[in-house]
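Me: I'm new to this one, so can you walk me through it? I'll ask, you answer.

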Amino acid sequence: HDARCVARLAARLRRLHELEPPEGARRLEYSTLIADYRRSLAARPEPRTRSSGALDGGADRRLLSAGATARVQALCHNDVHHRNVIEGESLWLIDWEYAAVGDPLYDLAAFACYHDLDAIERIGLLEAYAPGAAPALTSSFDEHCWLFDYLHLLWLELTAADVADCQRLMQRLTKKRGQIYFHG
């Protein structure tokens, strides 16, 4: 939550996103990943009620909204968590298992959501990533953060992870807008 560390990571992600993606790099579309997770959850041998099901309609609407921005696709890490960053003279991103060409705002959203950045910290992240452009990005970034949390919830349900983590994400996803994300 240190503003200097957040700015340093934002600058590193900006440099990553400016790189030319390697020829033949795989692509990651959140809409496809969400659909795959939903199918996998529905196909389980022991059907269980999934708490994320109540959010499917909202996720579908946000996917349309987030996709409408037509941002340039870039090489993304897609798992920007503190355990995947080594700090020294430079910042090193490790564990490239989920790397793919995709929407750079999801990389930023992953970091913001994994680390529970509040609205002020999220604005700082955007300002450090795209100086002067943060106001224009906040609404779209808000949608990307919500979608990242939703995707994370689906993954937790699919892997039968800690119930407390699922409950925490459900609470965050169902709070009134403006309490966690940017706008109301």
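Me: Let's start with charges. How many salt bridges does a search of the whole structure find?
Reply: Keep in mind that this is a predicted model. With the whole structure searched, the number of salt bridges comes to 10.

Me: Okay, take Arg-8. Which side chain does the one of Arg-8 meet in a salt bridge?
Reply: Arg-8 sits in helix α1 and its partner in strand β2, so the pair ties together parts that are 79 residues apart in sequence. Arg-8 is partly exposed, at 29% relative accessible area, while the partner is exposed, at 54%. The N to O distance is 2.9 Å, and the partner is Glu-87.

Me: And Asp-149 with Arg-172: are these two buried or exposed?
Reply: Their side chains meet in a salt bridge, 2.7 Å from N to O. The pair links distant parts of the chain, with Asp-149 in helix α6 and Arg-172 in helix α7, 23 residues apart. The cut-off for buried is under 20% relative accessible area. Asp-149 has 0% and Arg-172 has 8%, so Asp-149 is buried and Arg-172 is also buried.

Me: Which residues do salt bridges that share partners join into one network?
Reply: One salt bridge to know here is between Asp-56 and Arg-38, at 3.5 Å from N to O. Asp-56 lies in helix α3 and Arg-38 in helix α2, so that pair ties together parts 18 residues apart in sequence. Asp-56 is buried, at 16% relative accessible area, and so is Arg-38, at 18%. The network is made of Arg-38, Arg-50, Asp-56 and Asp-60.

Me: On to the nonpolar side of things. Which element gives the most to the largest nonpolar core?
Reply: In soluble globular proteins, nonpolar side chains tend to be buried together. The largest nonpolar core here has 50 residues, and Leu-13, Leu-108 and Phe-141 are among those with the most contacts inside it. Elements that give two or more residues to this core include α1, β3, α4 and α7. With 12 residues, the element that gives the most is α6.

Me: What is Leu-13 in contact with, leaving aside its neighbours within four places in sequence?
Reply: Leu-13 is one of the residues with the most contacts inside that core. Setting those sequence neighbours aside, the contacts of Leu-13 are Val-80, Leu-93, Asp-107, Leu-108 and Tyr-129.

Me: Why are the buried residues of α5 on the same side of it?
Reply: The buried residues of α5 are Glu-121, Arg-122, Leu-125, Leu-126, Ala-128 and Tyr-129. What covers them includes α1, α4 and α6. They end up on the same side of α5 because the arc they cover around the axis is only 165°.

Me: What about His-115, is it buried or exposed?
Reply: His-115 is found in the loop between α4 and α5. Not counting residues up to four places away in sequence, His-115 touches His-1, Val-80, His-81 and His-82. Its relative accessible area is 17%, so His-115 is buried.

Me: Last one, out at the surface. Which residues make the nonpolar surface patch of about 300 Å²?
Reply: One member lies in strand β2, which spans residues 85-87. At 43% relative accessibility, that residue counts as partly exposed. The patch is made by Ile-86, Trp-92 and Ile-94.

Key:
Residues numbered from 1 in each chain as written. Predicted model: local features only at pLDDT ≥ 70, side-chain atom pairs only at ≥ 80, totals over all residues. Heavy atoms only, no water. Patch = residues over 30% accessible without salt bridge, like charges linked within 9 Å, V, L, I, M, F, W, Y side chains within 5 Å. Areas by Shrake-Rupley, 256 points an atom, 1.4 Å probe, with all protein chains shown as cover. Salt bridge = Lys/Arg side-chain N within 4 Å of Asp/Glu carboxyl O. Helix = DSSP H or I, 4+ residues; strand = E, 2+ residues; numbered from the N terminus. Buried < 20%, exposed > 50% of the residue type's maximum accessible area, 1.4 Å probe, protein only. Core = buried A, V, L, I, M, F, W, Y, C linked by side-chain atoms within 4.5 Å. Contact = heavy atoms within 4.5 Å. Arc of directions from axis to C-beta.
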